Amino acid sequence: MTDEERLTRLRAEHPGWNIWRARTATGGPGMWMATRDRVLTTEEMYDGLAHTLAEDRSDLLGDALAAQRRIEIARAQELI
């Protein structure tokens, strides 16, 4: 799977996030990044939501995004 295919999949699976692959100083592939398209409240951050995520691999970013979604669901169900 190419980086572009990985990006397309992550973007489709995780709406509400801007997802991209960063570049190193030499122009090579860098970290996999995701930033929310909204501002978080202090309470959301206290509960574990992050505005920006960075991982070395696309699968790890997918895992981190899924973990954020689980926190959002728990907050909506008032489990946190």
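## Charges and overall makeup

The protein chain carries 11 positive and 14 negative side chains, and the centres of those two sets sit 3 Å apart. Keep in mind that what you're looking at is a predicted model. Its accessible surface adds up to about 5200 Å², with 53% of that belonging to carbon and sulfur atoms.

As for the general layout, the chain has 3 helices and 3 strands. Starting from the N terminus, they come in the order α-β-β-α-β-α. The C-alpha trace spans about 45 × 25 × 20 Å along its principal axes. Of the 80 residues, 30% count as buried. If you take the contacts with a separation of 6 or more, residues 24 or more positions apart account for 32% of them.

## Helix H3 and what it packs on

Helix H3 covers residues 58-76. With its 19 residues, H3 reaches 27 Å from first C-alpha to last, close to the 27 Å expected at 1.5 Å a residue. Just after H3 comes Glu-78, which takes a positive phi of about 60 degrees.

Which residues of H3 are buried? They are Ser-58, Leu-61, Gly-62, Ala-64, Leu-65, Gln-68, Ile-71 and Ala-74. A bit of helix geometry helps when reading that list: an α-helix has 3.6 residues a turn, so residues three or four places apart point the same way. And what do the buried residues of H3 pack against? Their partners are H1, E1, strand E2 (29-36) and E3.

## His-14, tucked in next to H3

His-14 is found in the loop between H1 and strand E1 (17-23). Is His-14 buried or exposed? His-14 is buried, because its relative accessible area is 11%, under the 20% cut-off. Leaving aside residues up to four places away in sequence, His-14 touches Ile-19, Gly-62, Leu-65 and Ala-66. Two of those names, Gly-62 and Leu-65, also turn up among the buried residues of H3.

## A salt bridge inside H1

A search of the whole structure turns up 9 salt bridges. One pair that forms such a bridge is Arg-9 and Glu-13, whose side chains meet at 3.6 Å, N to O. Both residues lie in helix H1 (residues 3-13), 4 residues apart, which is about one turn of the helix. Arg-9 is partly exposed, at 30% relative accessible area, and Glu-13 is partly exposed too, at 47%.

Thr-8 is another resident of helix H1, and its 46% relative accessibility makes Thr-8 partly exposed. Now follow the chain to Ala-76: Thr-8 and Ala-76 are 68 residues apart along the chain, and their C-alpha atoms are separated by 27 Å.

## A network around Arg-75

Over in H3, Arg-75 takes part in a salt bridge with Glu-44, where the closest N and O atoms are 3.9 Å apart. Arg-75 lies in helix H3 and Glu-44 in helix H2 (residues 42-46), so this pair ties together parts that are 31 residues apart in sequence. Arg-75 is partly exposed, with a relative accessible area of 26%, whereas Glu-44 is buried at 10%.

Arg-75 also forms a salt bridge with Asp-47, and here the closest N and O atoms are 2.7 Å apart. This pair links distant parts of the chain, too: Arg-75 is in helix H3, Asp-47 is in the loop between H2 and strand E3 (52-55), and they are 28 residues apart. Asp-47 counts as partly exposed, with 21% relative accessibility. Put Arg-38 into the picture and you get a network of salt bridges that links Arg-38, Glu-44, Asp-47 and Arg-75.

## Asp-56, out in a loop

Asp-56 has its place in the loop between E3 and H3. Is Asp-56 buried or exposed? Asp-56 counts as exposed because its relative accessibility is 56%, over the 50% cut-off.

Which residues does Asp-56 touch, not counting those up to four places away in sequence? Asp-56 touches Met-31 and Trp-32. Gly-30 is worth a look here as well: Asp-56 and Gly-30 are 26 residues apart along the chain, while their C-alpha atoms are separated by 7.4 Å.

Key. Residues are numbered from 1 along each chain as its sequence is written. This is a predicted model: local features need pLDDT of at least 70, side-chain atom pairs count only at pLDDT 80 or more; totals for chains, interfaces and linings use all residues. Side-chain values use heavy atoms; hydrogens and water are left out. A salt bridge is a side-chain nitrogen of Lys or Arg within 4 Å of a carboxyl oxygen of Asp or Glu. Helices (H or I, at least four residues) and strands (E, at least two) are DSSP runs, numbered from the N terminus. Buried means under 20% relative accessible area, exposed over 50%, partly exposed in between (1.4 Å probe, protein chains only). Contact means heavy atoms within 4.5 Å. Accessible areas come from the Shrake-Rupley method with a 1.4 Å probe; for residues, only the protein chains shown count as cover. Lys and Arg count as positive and Asp and Glu as negative; His and the chain ends are not counted. The place of a charge is taken as NZ of Lys, CZ of Arg, CG of Asp or CD of Glu. The expected span of a helix is 1.5 Å times one less than its number of residues.
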